[in-house]
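Let's walk through this model together, starting at one turn and then stepping back to take in the whole chain. Keep the structure open beside you as you read.

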Amino acid sequence: METLYASGVRYKISSGNVGNVFAIRNTTGALFVAKALDYEKIKKYELRLTASDNFKENYTTVLINVRDVNDNPPVFEKSSYRTQITEEDDRGLPKRVLRVSVEK
């Protein structure tokens, strides 16, 4: 019967993990998101990973680009709008009364 031995390799994130947003399983090297990402704050991460077997180490770089999703509601450019129309001004209907717009 063949005995399987653990590789003894340990993994860690050695730099670039701003806010500890990412985590790594030290026995498997599985990298995962540990906290919420915010594109408006940080658009990309450059993580340096270390693998060690207690005798030697090796390093690699992982580049992670965060894609933006619209997670903010639309916001009107003004908090209120005003216009005035004349009661008899009904020629050329429909007629624009006002245009509102939002910031995305």
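A good place to begin is the hairpin of β4 and β5, where four residues lie between the strands and Asn-54 takes a positive phi near 80 degrees. Before going further, please keep in mind that this is a predicted model.

What makes that phi worth a second look? Most residues other than glycine have a negative phi. Asn-54 has a positive value although it is a residue other than glycine. You will find Asn-54 in the loop between β4 and β5. Is Asn-54 buried or exposed? Its relative accessibility is 68%, so Asn-54 counts as exposed, the cut-off for that label being over 50%.

Now follow the two strands away from the loop. Strand β4 covers residues 44-52 and strand β5 covers residues 57-65; they run antiparallel and are joined by nine bridges. If you would like one pair to look at on screen, pick Thr-50, whose bridge partner in β5 is Tyr-59. As you trace the strands, it helps to remember that side chains in a regular strand alternate between the two faces of the sheet.

Asn-54 has a counterpart elsewhere in the chain. Asn-20, which is not a glycine either, has a positive phi of about 50 degrees. This residue sits in the loop between β1 (10-15) and β2 (22-24).

With those two loops in mind, zoom out. How many helices and strands does the protein chain have? There are zero helices and seven strands, and reading along the sequence gives the pattern β-β-β-β-β-β-β.

The overall outline comes next. The C-alpha trace of the protein chain spans about 95 × 30 × 15 Å along its principal axes. Its radius of gyration is 28 Å, whereas a compact globule of 104 residues would have one near 13 Å. Of the 104 residues in the chain, 12% are buried. As for contacts with a separation of 6 or more, 41% are between residues 24 or more positions apart.

Finally, take a look at the surface and the charges. The protein chain exposes about 9,500 Å², and carbon and sulfur atoms supply 50% of that area. The chain carries 17 positive and 14 negative charges, and the mean positions of these two sets are 5 Å apart.

Definitions and conventions:
Residues are numbered from 1 along each chain as its sequence is written. This is a predicted model: local features need pLDDT of at least 70, side-chain atom pairs count only at pLDDT 80 or more; totals for chains, interfaces and linings use all residues. Side-chain values use heavy atoms; hydrogens and water are left out. Two strands pair if DSSP finds at least two bridges between them. Buried means under 20% relative accessible area, exposed over 50%, partly exposed in between (1.4 Å probe, protein chains only). The radius of gyration is taken over C-alpha atoms; the globule rule is 2.2 Å times the number of residues to the power 0.38. Contact means heavy atoms within 4.5 Å. Accessible areas come from the Shrake-Rupley method with a 1.4 Å probe; for residues, only the protein chains shown count as cover. Lys and Arg count as positive and Asp and Glu as negative; His and the chain ends are not counted. The place of a charge is taken as NZ of Lys, CZ of Arg, CG of Asp or CD of Glu.
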